[in-house]
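Trainee: I'd like a close look at the empty space inside this one. Could you walk me through it slowly?

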Amino acid sequence: MKLEIQSPFDMHLHLRDGEILRDVVNYTSSQFCGAVVMPNLNPPITSVKLALEYKTRILNSSKYDFSPFVSLYLTEELDKEELQKAKDNGLFMLKLYPKGATTGSENGVKEILSDKVLEILEVAENLGFILSIHGETNGFVLDREFEFLPIFESLAKTFPKLKIIFEHLSDRRSIELVERYDNLYATLTLHHMLLSLDDVLGGMLNPHYFCKPILKTPKDKETLLNIALNAHDKFSFGSDSAPHLISKKECNNGAAGIFSAPILLPKLAEVFEKHDSLENLEKFVSLNATKIYNLNRSNRKITLIKQELKVSKIYNDIVPLFAGDSMSWSLEQ
Ligand code: NCD
Ligand code: ZN
């Protein structure tokens, strides 16, 4: 059995920089024709110059035809001129991290509803940017996303023309809000729809499944999986593949982030087939993104084939999601 998908997109991706970028980018660009690339590098991508240079390094590292949509890191210092320049240079994504919420968020925003940030967002709205948000407070870990909902709601109401993306939605209590506001959309990861907190610490501790937002309950994962299987119009696929070297995971102060890039489309095909929903896979990984983000579909087609794929235990010193497992689908080379 084969399945051809037009122009799949990964709308939330970490590619890092330097040697890691060169090591990981082709796992994504062999499967996806484009991706929203996160700016939480060290130092972060806070200017148009840094974003364009980063985009060039990504393009130079990819062996496949690939469009990186690099997002600009929103700091309180971002000004009107820089936003205009970003727009003129084809950048259209802004990423907002609450300060301290996750890896590389040290330069994030302290007070999201402050006058300063609201001014930036007003300019962003008028220029037609898309705002993507890591929506978590610093409260109890399982309630961080839930506690952040009033901020999403306030922004959705204040800026009705600003498209706001609720990144890596992980808590089923968030879904209703996304459905309620026309300008709210969300991305879903593979790990939040297949795994729960049990997979991180229900048995022996598994640091490779530690990520932000933390994996939630079995009920949350089932609900998210059903949204994906039905290719709900307001949700696009965003893997949040976030590679960290094994030495940064299996240590004290282990970093948050799951590296899923090598297995994404094969695993999605396996899961969608298992639930008799293969006909919805293209909508979930391609059409929804083109509509929500106004993207042009590329001519690139990806063929998946029902053939066993053995997931390596480690790729370039990074342990992947489902390390060592077998999947029933592969990418046709
Ligand atoms: C991401 C990373 O490592 O950059 N980590 C994660 O757990 N998802 C940052 C993020 O998207 O939160
Ligand atoms: Zn991320």
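Trainee: What volume does the second largest cavity have?

Mentor: About 40 Å³ for the second largest cavity, and bear in mind that this is a predicted model. Rolling a probe the size of a water molecule over the atoms shows where empty space is left. Here, a search of the whole structure turns up two cavities of 30 Å³ or more.

Let's stay with your cavity for a moment. Its lining is made up of His208, Ala242, Pro243, His244, Lys249, Gly257, Ile258, Phe259, Ile318 and Val319. Sort those by class and you get six nonpolar, three polar and one charged.

Now set the largest cavity beside it. That one comes to about 130 Å³. There are 18 lining residues, and closest to the centre are His14, Thr102, Lys212, Asp240 and Ala242. The class split reads five nonpolar, nine polar and four charged. Keep an eye on Ala242: it lines your cavity, and it also sits among the residues closest to the centre of the largest cavity.

His244 is another one to click on. Besides lining the second largest cavity, His244 is one of the residues nearest the centre of the largest pocket, along with Arg16, Asn40, Asn42 and Thr103. This pocket has a volume of about 390 Å³ and 16 lining residues. Six of them are nonpolar, six polar and four charged.

While the model is open, have a look at the sheet too. Six strands form an open sheet with parallel pairing, in the order 5-6-7-8-9-10. Strand 5 (72-73) and strand 10 (235-237) are the edges, each pairing on one side only. Helix 5 (residues 144-158) packs on this sheet, where it touches strand 7 (130-133), strand 8 and strand 9, and its direction is at about 175° to that of strand 8. Strand 8 (residues 163-166) and strand 9 (residues 184-188) run parallel and are joined by three bridges; Ile164, for one, has Leu184 in strand 9 as its bridge partner.

Last stop, a helix pair. Helix 1 (residues 18-29) packs against helix 2 (residues 48-61) at an angle of about 65°, and their axes are 9 Å apart. The crossing is right-handed. Helix 1 brings Leu21, Arg22, Val25 and Asn26 to the contact, while helix 2 brings Tyr54, Arg57, Ile58 and Ser61. By class, that contact has four nonpolar, two polar and two charged residues.

Technical notes. Residues numbered from 1 in each chain as written. Chains lettered and ligands numbered in written order. Predicted model: local features only at pLDDT ≥ 70, side-chain atom pairs only at ≥ 80, totals over all residues. Heavy atoms only, no water. 1 Å grid on protein atoms, 1.4 Å probe; cavity = no way out; pocket = protein on both sides within 12 Å on 5 of 7 lines; lining within 4 Å. Points joined across faces, edges and corners; volume = space filled by probe spheres on them. Nonpolar A, V, L, I, M, F, W, Y, C, P; charged D, E, K, R; others polar. Pairing = 2+ DSSP bridges. Helix = DSSP H or I, 4+ residues; strand = E, 2+ residues; numbered from the N terminus. Contact = heavy atoms within 4.5 Å. Axes fitted to C-alpha atoms, helices over the stretch in contact; angles between N-to-C directions. Left-handed = near helix turned anticlockwise from the far one by under 90°.
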